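Me: I'd like a close look at a single part of this model rather than a tour of everything. Please pick one strand, start with the stretch leading into it, and work outwards from there.

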Amino acid sequence: MNDLPDERLEVPFQAPPSLDLTRTALFLDLDGTLADIAETPGAVGPVASRTRTLRALSPALDGRLAILSGREVAEIDRILEGSVASVAGLHGLDRRTADGRLDATPPHPALPDARQCLASLAKAERGLLLEDKGTSVALHYRLRPEAGPAVVDCARRLARQTGLILQEGHMVAELRTPGPDKGEALQAFMAEAPFAGATPIMIGDDLTDEDAFAAAIALGGEAILIGLPRRSRSRWRLEDPSALLSWLEASMIAPVAA
Ligand SMILES: [Mg+2]
């Protein structure tokens, strides 16, 4: 993400205005946005109150609600208890449309070799966690941040050698099959019912969300950053997942007048 505007840091991020349910198409990242970041991806599980909010939000938006996550679609369903029909998993490589059709990108042939390389690094350095997602493979260094540079170097080298795409996230380096990113997933949803014609709002915390921030803004919408201020295309910010859930709940209690 080399083309982020430098000046954005000088603009104080503000809390977003109330969500207008009548005209919004809402796109939400999962980890760090709807759920607090956990030590391992498997430690994130369902939360009854969050599921209730999402179940209420989807009809309030006439179905214009989608999740854009780096996780697999099945994992998103596990954590959100199937409360959202439209889901893009693996940063956009897999996409389930509102009517239940699944568009899946086949895995790149170099993935097994890349997986083996990252697995041997994970074996040599304690605290590194390998996550195999089928069409991508991720190495998490949250439990061992000092190994971060070695992980990223290794992933960068593998990306150069294989043609896999390096996706850097917070305390994770991921090698993914080339294909749609979160921005393209957002564009694909916006071209279809029930999203088409609405104003997109993308909400996320990580660098991997910036493609979708750009896509939402290009379509006349907005981006909202979750977490600490950082360089971002977003001009709005909420502190953490619980602030986001409160904001979403408030929008349903006091809807903006059409
Ligand atoms: Mg995230």
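Reply: One bit of vocabulary to begin with: helices (H or I, at least four residues) and strands (E, at least two) are DSSP runs, numbered from the N terminus. Bear in mind, too, that this is a predicted model.

I'd pick strand E10. The stretch leading into it is the loop between helix H5 (182-190) and strand E10 (199-204), and Pro194 lies there. What is the peptide bond from Ala193 to Pro194 like, cis or trans? It is cis, with omega near 0°. As background, most peptide bonds are trans.

Staying around H5, let's look at the rings. Three aromatic pairs are present in the structure. One of them joins Phe27 and Phe189, 6.2 Å centre to centre with 40° between the planes, a tilted arrangement. Phe27 sits in strand E1 and Phe189 in helix H5, so to speak a bridge between distant parts of the chain, 162 residues apart. Phe189 also pairs with Phe195, again tilted, at 5.3 Å between centres and 50° between planes. Together Phe27, Phe189 and Phe195 make up one aromatic cluster. Burial goes along with it: Phe27 and Phe189 are both buried, and Phe195 is buried as well. There's a charge to add to the picture, as Arg95 lies over the face of Phe189, 4.6 Å from the ring centre.

Now for E10 itself. Six of its six residues are buried, so the strand is largely enclosed by the rest of the structure. Which residues of E10 point which way? Thr199, Ile201 and Ile203 point one way, while Pro200, Met202 and Gly204 point the other, and all are buried. That follows the usual rule, since side chains in a regular strand alternate between the two faces of the sheet.

Which strands does E10 run alongside? With E1 it is joined by five bridges, running parallel, and Pro200 in E10 is the bridge partner of Ala25. With strand E11 (residues 222-226) there are four bridges, also parallel, and there Ile201 has Glu222 as its bridge partner.

Zooming out, eight strands form an open sheet, in the order E5-E4-E3-E2-E1-E10-E11-E12, with mixed pairing. Strand E5 (102-104) and strand E12 (236-238) stand at the edges with a single partner strand each, so one side of each has no neighbour in the sheet. On average, and ignoring direction, neighbouring strands here are turned by 15° against each other.

Past E10 comes the metal. Which residues coordinate the magnesium ion? Asp29 (OD), Asp31 (O) and Asp205 (OD) do, at 2.1 Å. Along the sequence these donors are spaced D-x1-D-x173-D. Asp29 is in the loop between strand E1 (24-28) and H1, and Asp205 is in the loop between E10 and helix H6 (210-218), so this pair links distant parts of the chain, 176 residues apart. Asp29 and Asp205 are both buried. When you judge the site, remember that water is not among the atoms, so sites may look incomplete.

Going along the sheet in the other direction, E2 and strand E3 (residues 86-89) pair in the parallel sense over three bridges, with Ile67 standing opposite Val87 in E3. The loop between helix H1 (48-60) and strand E2 (65-68) holds Asp62. This residue is not a glycine, yet its phi is positive, about 55°. At 57% relative accessibility, Asp62 counts as exposed because the cut-off for that is over 50%.

Met171 has a backbone oddity of the same sign, with a positive phi near 60° in a residue other than glycine. Most residues other than glycine have a negative phi. Met171 is found in the loop between strand E8 (165-169) and strand E9 (172-176), and with a relative accessible area of 24% it is partly exposed.

Those two strands lead on to Ala155, a residue in helix H4 (residues 148-162). Is Ala155 buried or exposed? It is buried, at 0% relative accessibility. Beyond its neighbours within four places in sequence, Ala155 is in contact with Leu166, Ala173 and Leu175. Its C-alpha is 9.3 Å from that of Glu168, and these two are 13 residues apart in sequence.

Technical notes:
Residues are numbered from 1 along each chain as its sequence is written. This is a predicted model: local features need pLDDT of at least 70, side-chain atom pairs count only at pLDDT 80 or more; totals for chains, interfaces and linings use all residues. Side-chain values use heavy atoms; hydrogens and water are left out. Buried means under 20% relative accessible area, exposed over 50%, partly exposed in between (1.4 Å probe, protein chains only). Contact means heavy atoms within 4.5 Å. Donors are N, O and S atoms within 2.8 Å of the metal (3.2 Å for Na, K and Ca); water is not among the atoms, so sites may look incomplete. Rings of Phe, Tyr and Trp (its six-membered ring) pair if their centres lie within 6.5 Å; planes under 30 degrees apart count as stacked, over 60 as edge-to-face and the rest as tilted. A charge sits over a ring if NZ of Lys or CZ of Arg is within 6 Å of the ring centre and within 35 degrees of the ring normal. Two strands pair if DSSP finds at least two bridges between them. Axes are lines fitted to C-alpha atoms, for helices over the stretch in contact, and angles run from 0 to 180 degrees between N-to-C directions.
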